[in-house]
Amino acid sequence: MTGPEPQVLPSHSEDVDDSHETAGLVNGNPPPVTSRDTDRPSLIAGFCRAHRCVILLSLGFFQLGAVFGGRINKFISPSAGLGRNVSFTDKFLAGIRGSTASGSAHLGNTTVSTSFTTSFTSSPADTTTTSSSTASSTGKAAGTTGKAAGKKDNHGQKTTTTTGVPTTPVIEYAPMQIMEAGSTDLSSALACLRLTSPNLRDMMYPGDAEAHFQEVNKSFDKWLEKHKYHCAAGYCGPWVENHWIHYFSNLWKKRASGTRLQDIFGPYIPILIPWVDTWVNSGYRFPPGMAEELRDILRPNVLYITVAQNDEGLLARVKYPIKEIPNVLVLSAGGYGHVPVPLLKANEKLVHSKVEDRKYIVSFMGSMGHAPRNLRGEMGKIVNDWARKNKQVAKVGSGKDWRDVMADSVLNLVPRGFGRSSYHIAETFQMGLVPIHIYSDIPWVYYGELWRSETIGFVTSLAGLDALLTRLAANISKIVEVEQNVRRLRESHFLVEGVMDQIHRFMTGQPNDLRCQKLPAAVK
């Protein structure tokens with residue numbers, strides 16, 4: 001991994017690791033911004049420092065021609081030299097001109113299509129699931145069925161109702177297709193985006209993909225030349241957007257002769273931008289003109305993709321909505337996008353205590369106020385009441401000993417924060433522990449099929465929490481099984497390198513556990 005080592009600052013709050021509370025760094029009263037410069041290795045210095053963290057997905061020319069005003073005909077000339085005054089991006093992207101259309105190794109000719117309609121409930125026996133065979137790096141997730149009646153909730157989400165189980169949202173995942181290496185097959189990407197924009201026209205992979213990649217990235221140079229990591233929750237980066245930039249810029253830099261853009265990014269054109277760093281360091285808004293440049297530089301018939309960390313999504317507090325750029329596929333760590341990805345901070349150490357030796361059956365250590373509609377406060381009441389009723393030992397609080405309490409807990413609560421996700425989810429996984437995610441409107445969990453099958457954790461609303469705790473307390477062997485799964489997948493799914501590999505596999509159509517779902521009806 002390239003890039004500087006993370007800088008950790010002391011917290012000024014009682015709850016040292018405020019990362020449990022926030023998904024991203026947004027809303028409420030954000031912490032003071034303390035930034036520092038980021039030294040990059042020479043060849044990728046400009047590219048990483050320009051932090052372009054996006055791969056965008058394009059949209060139909062005829063459908064959005066009026067919006068994009070004929071940008072489809074604009075092509076960049078790759079002939080810029082590397083003189084004394086070239087931009088940071090020029091230094092990295094100059095090598096693109098030497099790319100050739102050479103083939104690469106094939107994954108094989110097998111094509112597996114999958115589609116899922118998943119109901120998250122407090123018990124697998126009470127879910128309604130329709131699934132075909134899944135091409136996953138961890139194998140098939142067991143499907144379950146039950147009697148259910150469908151209806152719509154207040155957010156327009158389809159729900160299922162089962163006897164004795166609260167009404168829960170149904171998450172529909174886009175079909176996945178295994179592709180040969182270097183393929184520009186757009187079917188999976190279009191299926192993903194059409195969950196949100198059903199009338200999205202067909203797209204095309206541009207013949208000048210490398211040049212267009214350069215054009216898009218260079219267009220943001222004037223806003224990114226003084227880029228710095230932002231600081232939040234006692235931590236100053238690198239963040240998931242920065243890891244994305246470092247990893248894939250390094251992958252492109254070290255590519256073998258003849259490697260094409262599509263060999264690394266599949267059918268997408270990547271735009272690698274540090275969205276949240278720029279947003280926070282500019283006063284919790286984008287600099288004037290930056291968001292408009294994004295909209296104007298895109299071609300309406302090309303697919304793009306990006307990683308965005310902000311709780312409020314890629315276009316946080318921007319005047320135009322994300323629906324104006326429906327060809328952009330957003331890998332969202334904060335909770336508003338198309339594909340949930342881990343919200344990462346510094347890696348946590350693996351816990352080595354035995355489940356049977358732990359003091360607490362369940363715990364939560366963090367702020368009780370960092371979620372909408374007092375979700376965390378209500379969660380605390382439910383847990384304490386449940387523990388008294390069932391004569392169990394539980395702990396809900398905050399403090400500098402949060403890691404010790406987690407290590408001494410059989411189950412760890414990971415409620416949503418300001419956004420639909422939280423850092424505490426990834427922290428729990430990295431420590432090798434079992435999470436219970438509490439959502440408000442819809443579950444926003446990465447590797448959704450593994451949650452649905454209760455392979456790596458448990459998902460519930462407040463209404464289902466009491467029943468879930470009762471079920472799990474009576475089945476410690478199930479918790480032990482799940483914890484073993486979490487530890488087995490720790491490096492491949494929850495540490496930085498593993499997360500980046502999952503993203504790479506998602507883009508290039510290799511077996512992976514990321515899933516695309518419909519853009520949530522509301523930002524948070």
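Helices (H or I, at least four residues) and strands (E, at least two) are DSSP runs here, numbered from the N terminus. With that in hand, P238 can be placed in the loop between β8 (228–229) and α7. The peptide bond leading into this proline, from G237 to P238, is cis, with omega near 10 degrees.

A word on the model: it is predicted, so local features need pLDDT of at least 70 and side-chain atom pairs count only at pLDDT 80 or more, while totals for chains, interfaces and linings use all residues. Residues are numbered from 1 along each chain as its sequence is written, and side-chain values use heavy atoms, with hydrogens and water left out.

**The chain as a whole**

The protein chain holds 18 helices and 17 strands. Of its 524 residues, 60% are buried, a term that stands for under 20% relative accessible area, with exposed over 50% and partly exposed in between (1.4 Å probe, protein chains only). Contact means heavy atoms within 4.5 Å. Among contacts in the protein chain with a separation of 6 or more, 78% join residues 24 or more positions apart. About 19,800 Å² of the protein chain is exposed, and carbon and sulfur atoms supply 50% of that area; accessible areas come from the Shrake-Rupley method with a 1.4 Å probe, and for residues only the protein chains shown count as cover.

**Helix α7**

Just what does α7 look like? Helix α7 covers residues 240–253, and its 14 residues reach 20 Å from first C-alpha to last, close to the 20 Å expected at 1.5 Å a residue. That expected span is 1.5 Å times one less than the number of residues. Because 12 of its 14 residues are buried, α7 is largely enclosed by the rest of the structure. The buried residues include W244, F248 and W252, along with H243 and H246.

**Cores and L472**

A nonpolar core is a set of buried Ala, Val, Leu, Ile, Met, Phe, Trp, Tyr and Cys residues joined through side-chain atoms within 4.5 Å. The largest one has 115 residues, and L294, L314, L411, I436 and I503 have the most contacts inside it. A second, separate core of nine residues includes Y360, V405, M431 and L433.

L472 belongs to helix α15 (residues 462–473) and is buried, with a relative accessible area of 1%. Not counting residues up to four places away in sequence, L472 touches L411, I436, F458 and I479. L472 and I361 are 111 residues apart in sequence, yet 9.5 Å apart in space, C-alpha to C-alpha.

**Two packed helices**

Two packed helices are described by the angle between their axes and the distance between the axes. Helix α11 (residues 375–390) packs with α15 at an angle of about 35 degrees, the axes being 10 Å apart. The contact involves residues including L375, M379 and W386 of α11 and L462, L465 and L469 of α15.

**Backbone exceptions**

Most residues other than glycine have a negative phi, and most peptide bonds are trans. Two residues that are not glycine have a positive phi, as tabulated here.

| Residue | Phi | Loop | Relative accessible area |
|---|---|---|---|
| Y284 | about 65 degrees | between α9 (275–281) and α10 (290–297) | 17% |
| E454 | about 55 degrees | between α14 (448–452) and β17 (458–460) | 5% |

Y284 is buried, and E454 is buried too.

Note on methods
Axes fitted to C-alpha atoms, helices over the stretch in contact; angles between N-to-C directions.
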